[in-house]
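Please open the structure in your viewer and keep the selection panel at hand. The tour below proceeds from one selection to the next.

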Amino acid sequence: MGHRLASLVIRHTHRLPRPAGPAGDGAVAARQFDAALMSAGFKLSGELLTQLSGLSETAVIGTAAHTLDTVRAMVGDHVQHNVYFLDFPANVPDTFDFWMGCIADALADDATRPGTLAQLSAGMVDLLTLPAYGNYGHSYAEMLAAHDELIAAAGDRMTVLHLGGELADEVTAGYLALAGSSTPLGEDDLADLRFLARHCASGPQPEGIPVRENRAVINEVRLGVGAEPLLDTVTDVLRLACALSGGDVTLQAPTRFTTLPRPVRRALLAGLDAVVAASPDKLADVAAYREPWKRLGERLHPHEYPRWPHAAEVFAVARGERRVRSLDGRVEELLTGQDLTGAVGLLKSAPGKLFRSVDRLLRTAPGQDERDAVVAAAEEVAPQVSGRVLLSVREHLLNRAEEAGGRRVFVNRLGRAWAAPDTRPPVFPAERDRLAAAVDAEIRRRLPAPGRLVVDPDVLDVALPLSGKATTSGLGVLPRGSVSPVDGELLRFFVYWKQTSRTTDYDLSALMLNADYSTHSWLSYTALTGVGGEHSGDITEAPEGASEFINLRLGAVPGTFIVPQVNIFSGEGFEEVAESFFGFMLRDAEQRGRPFEPRTVRMKSELRGPGRVALPLAFQRGADGRWRAKWLHLYLKGAPAANQVEGNRVTAATLLRGIAPRAYLTVRYLVDLMAEEAESVTLWEGGPLPEGAGPVTYLGLARPDGLPSESRVITPQNLRDLIPA
């Protein structure tokens with residue numbers, strides 16, 4: 001348990017909880033630990049190295065063992081990355097020559113010769129029937145022996161692990177941070193919250209839990225330890241029931257409700273009764289999830305508990321026996337009747353809904369007076385709207401062109417994306433600017449005074465994580481829309497997957513697009529070489545795990561965009577396999593090394609989406625000739641089987657056409673607002689930190705050594721803390 005908790009702290013904070021153990025001379029073991037970490041691209045901070053050196057050798061070795069396991073998994077070095085072509089990226093054959101060689105091998109085999117001849121006579125050969133195709137022809141050890149050692153380079157990634165507090169304090173702080181997050185968490189973070197909630201059930205609790213999904217996870221734990229669940233809407237009860245049944249607390253996917261013990265049924269019905277008794281208007285929320293409520297009613301048996309009549313009303317509404325008009329329905333009725341003033345007045349009772357509807361209301365307004373009334377109402381209720389909604393509307397306004405046209409890209413909470421023509425009339429500049437100013441003023445009011453502000457410029461173009469669903473867990477992963485520089489001569493993508501029970505074939509590809517988003521070329525198992533790069537070879541099943549790579553010399557890549565993608569050719573989806581992840585490495589031209597070198601990994605991202613084609617990020621060559629990554633975290637629906645880059649290139653290009661020019665709200669926006677109240681602002685690009693007394697507010701991609709004590713540090717690991725409540 002202790003190691004699992006420590007691992008969770010390391011993953012979320014890049015801090016190692018203060019190691020415990022008897023004092024001693026652990027300096028040698030600590031330096032060896034540091035050297036082992038460096039081989040994986042990590043390093044101990046000076047403070048942490050000193051702390052470990054004062055412990056016994058046994059204590060240091062024990063700490064090193066579980067820490068190394070954690071960081072290797074973080075970077076993808078916990079598995080063996082073999083390649084089909086032994087010398088990759090050297091000696092990768094021409095695709096046609098390679099296929100002809102596989103056919104020749106099949107013809108030389110008595111067992112496969114008849115079938116291969118039959119296919120040749122029919123004019124088409126299935127590669128999967130050729131014995132030499134799709135399976136490793138050498139061991140992992142043989143592959144390692146064929147490659148030189150990696151030459152160290154100044155540009156290799158080095159992630160510093162800092163000294164944390166006591167394990168109990170770090171765990172509590174991590175729990176409070178996740179539970180109190182003002183933005184929804186991703187799937188992995190939600191699982192971590194559930195684990196921490198069980199451990200922290202009897203300890204300090206957050207002052208508020210603004211995200212309903214987080215509340216459902218915590219309520220499940222509270223119910224298990226005999227505490228009252230925190231419920232103030234009927235949907236809170238539905239989410240809790242989903243959690244208790246092992247279902248989806250986001251309510252995006254149907255939950256098969258299990259048979260619940262009588263004490264749990266009583267707790268749910270009592271909570272439901274109290275919510276409705278306190279505010280009967282909340283019955284209007286039932287209609288949004290009518291079918292789940294009906295299924296839940298079959299498990300709760302509300303008719304057996306006449307002492308909770310208000311709970312029974314919920315199920316009467318779900319069954320249609322009682323009609324309750326929802327706020328959305330009433331607003332729709334007023335808008336249909338062209339009563340914009342009445343609709344705005346009604347929406348003022350639900351400030352978040354008013355803000356989310358403001359674009360439509362402005363487009364519906366027949367004249368200037370009505371538009372002024374809409375903006376005035378938004379200005380009035382802004383202090384009551386969550387920071388996440390305010391920032392989402394502010395980002396929306398950045399992308400509302402003055403003229404109609406263009407394309408809209410839609411991305412649901414699961415990362416599935418699609419594009420459509422934008423046929424909306426424009427929002428007039430005067431109203432757009434007035435709304436933007438109102439949001440800016442309200443966000444500025446909520447931001448804490450930063451004192452001395454120190455900012456790493458590389459973090460300025462990182463998109464604000466307005467939802468944890470806009471990113472995935474991993475190392476070096478940034479929210480959707482973030483832009484980061486790509487500095488290196490060689491860019492290498494990798495994908496790893498391990499099937500659970502069925503033969504599963506994932507295919508790594510890279511699509512090259514011109515400036516107008518037309519297709520230039522691609523690398524894949526059907527095009528192994530060309531356009532300045534090589535593919536490592538097609539692996540068609542992964543019972544023990546499999547990897548594929550694409551190596552690119554950036555100076556030789558044609559076109560303007562590189563779009564790596566992972567296609568599911570056959571078998572299990574991203575959410576079914578035992579494990580799957582994507583990443584990229586950057587190297588200097590002369591570094592050599594193995595196909596996978598953890599020190600050169602810049603990003604490793606879990607693949608856990610609903611589609612059959614994953615688009616983790618794209619690379620764009622700027623006018624200055626430099627390449628930059630734009631983070632996508634998207635999934636295409638794809639076909640049930642046989643997905644290939646050739647078949648989805650138009651869809652991928654269409655999505656990129658909509659996303660590449662889109663403006664995202666970034667850290668730069670909040671820094672500009674904070675700077676107005678800061679004592680001083682320093683752009684720090686390495687070297688000595690600015691001198692001065694007292695703590696600072698530091699924003700950067702990683703925490704530097706030497707910050708004053710009590711400093712507030714914001715990095716991608718806790719970027720959500722920047723979002724005001």
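In what follows, a residue is buried at under 20% relative accessible area, exposed at over 50%, and partly exposed in between, with a 1.4 Å probe and protein chains only. Helices (H or I, at least four residues) and strands (E, at least two) are DSSP runs, numbered from the N terminus.

This is a predicted model, in which local features need pLDDT of at least 70 and side-chain atom pairs count only at pLDDT 80 or more, while totals for chains, interfaces and linings use all residues. Residues are numbered from 1 along each chain as its sequence is written, and side-chain values use heavy atoms, with hydrogens and water left out.

**The whole chain**

Display the entire protein chain, which contains 23 helices and 22 strands. Its C-alpha atoms fill a box of roughly 80 × 75 × 60 Å along the principal axes. Of its 725 residues, 51% count as buried.

**Helix H13**

Select residues 290-300, helix H13, where Trp293, Leu296, Gly297 and Leu300 are buried. These residues lie on the same side of H13, because they cover an arc of only 110° around the axis; the arc is that of the directions from the helix axis to the C-beta atoms. Next, add helix H11 (234-244), helix H12 (262-278) and helix H14 (309-318), which are among the elements that cover the buried residues of H13. Contact here means heavy atoms within 4.5 Å. Then select His301, just after H13, which takes a positive phi of about 50°.

**The nonpolar cores**

A nonpolar core is a set of buried Ala, Val, Leu, Ile, Met, Phe, Trp, Tyr and Cys residues joined through side-chain atoms within 4.5 Å. Select Phe355, Phe493, Ile562 and Phe619: of the 136 residues in the largest nonpolar core, these touch the most other members. Helix H4 (residues 57-75) contributes the largest share of this core, seven residues.

Which residues does Ile562 touch, not counting residues up to four places away in sequence? Among them are Leu491, Phe493, Leu552, Phe619 and Trp627.

A second, separate core has 29 residues, including Leu223, Val237, Val264 and Val276.

**A three-stranded sheet**

Finally, display the open sheet of three strands, whose order is S1-S3-S2 with parallel pairing. Two strands pair if DSSP finds at least two bridges between them. Strand S1 (15-16) and strand S2 (42-44) are the edge strands, each pairing on one side only. S2 pairs with strand S3 (residues 159-163) in the parallel sense over three bridges. To locate one bridge, select Lys43 and its partner in S3, Val160.
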